[in-house]
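Please keep the sequence and the three-dimensional view side by side while reading, since the paragraphs below move from paired strands to aromatic rings and then to cysteines.

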Amino acid sequence: YIEFDYSIQIVDEIEIDYSLPLLLSFDFNRRLMTTTVSQIRDGVKEPYINENGIEIKEQKKVINVIKSINTTNSWTKPQCEAIHRWLREIKWTGDIILYGDASGHHRSSQSEDTNWEIIDKYFNRVNDFHNYETSNPRVEKRVDAVNMKLCNMDGEIGIFISSKNALPLVKDF
């Protein structure tokens, strides 16, 4: 991701805003199954100087990546259980929006159910919203979309990542 800049996108810690929904984005890798927890907030209207002395202009909507929840050599069920443990720790009762890899529709894990069918069983509260497609966009389109969110043509930033809680995503970038 050519627009990723550690000195801009990485921040020490991001506080959870209990008035916003949590977005859970699932990646179904087996060696390190990852669910990225984020929130979308309104961008700050005026430029400011970050902790590294760099002027930051934010996009209208900003993604705050709060945490990566990871289970090594895992399946979907233990991943969902790890997420639920964390949600209990933070006493989350608000909305949850689920996103993720469309391959979860096709791949069975530890049972006859697909990954998304297992996730549906764990996240079936009234305020859980499922937003996943049946196919993934082309890789080029996904990379372009992330790069534009990292930093658009106007130099505005749209993603900030917690350095303390989202290291697998930092390594991916």
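**Strands, rings and cysteines**

In this predicted model, strand E2, which covers residues 22-27, is joined by 5 bridges to strand E3, residues 32-42, and the two run antiparallel. One place to see this pairing is Leu23, whose bridge partner in E3 is Ser38. Strand E3 is also joined to strand E5, residues 55-72, this time through 11 bridges and again with the strands running antiparallel. Here Asp42 can serve as the landmark, for its bridge partner in E5 is Lys61.

From the strands we turn to the aromatic side chains, for which the count comes to 5 aromatic pairs. One of them is formed by Phe4 and Phe173, whose ring centres lie 5.3 Å apart and whose planes meet at 20°; because planes under 30 degrees apart count as stacked, this pair is stacked. Phe4 belongs to the segment before helix H1 (6-9), whereas Phe173 belongs to the segment after helix H5 (167-172), so the pair ties together parts that are 169 residues apart in sequence. Phe4 counts as buried, with a relative accessibility of 17%, and Phe173 is buried too, with a relative accessible area of 19%.

A second pair brings us back to strand E2: the ring centres of Phe26 and Trp116 are 5.6 Å apart and their planes stand at 75°, so the pair is edge-to-face. Phe26 lies in E2 and Trp116 in helix H3, residues 115-122, and the pair therefore ties together parts that are 90 residues apart in sequence. Both residues are buried, Phe26 with a relative accessible area of 4% and Trp116 with one of 1%.

The rings can also be read as a group, for Phe4 and Phe173 form one aromatic cluster together with Tyr1.

How many disulfides does the model contain? The count comes to 0 disulfides, where a pair of cysteine sulfur atoms would have to lie within 2.5 Å to be included. Two cysteines may still be located by their surroundings: Cys80 has a relative accessibility of 0% and so counts as buried, while Cys151, at 19% relative accessibility, counts as buried as well, because the limit for that class is under 20%.

Definitions and conventions:
Residues are numbered from 1 along each chain as its sequence is written. This is a predicted model: local features need pLDDT of at least 70, side-chain atom pairs count only at pLDDT 80 or more; totals for chains, interfaces and linings use all residues. Side-chain values use heavy atoms; hydrogens and water are left out. Two strands pair if DSSP finds at least two bridges between them. Helices (H or I, at least four residues) and strands (E, at least two) are DSSP runs, numbered from the N terminus. Rings of Phe, Tyr and Trp (its six-membered ring) pair if their centres lie within 6.5 Å; planes under 30 degrees apart count as stacked, over 60 as edge-to-face and the rest as tilted. Buried means under 20% relative accessible area, exposed over 50%, partly exposed in between (1.4 Å probe, protein chains only).
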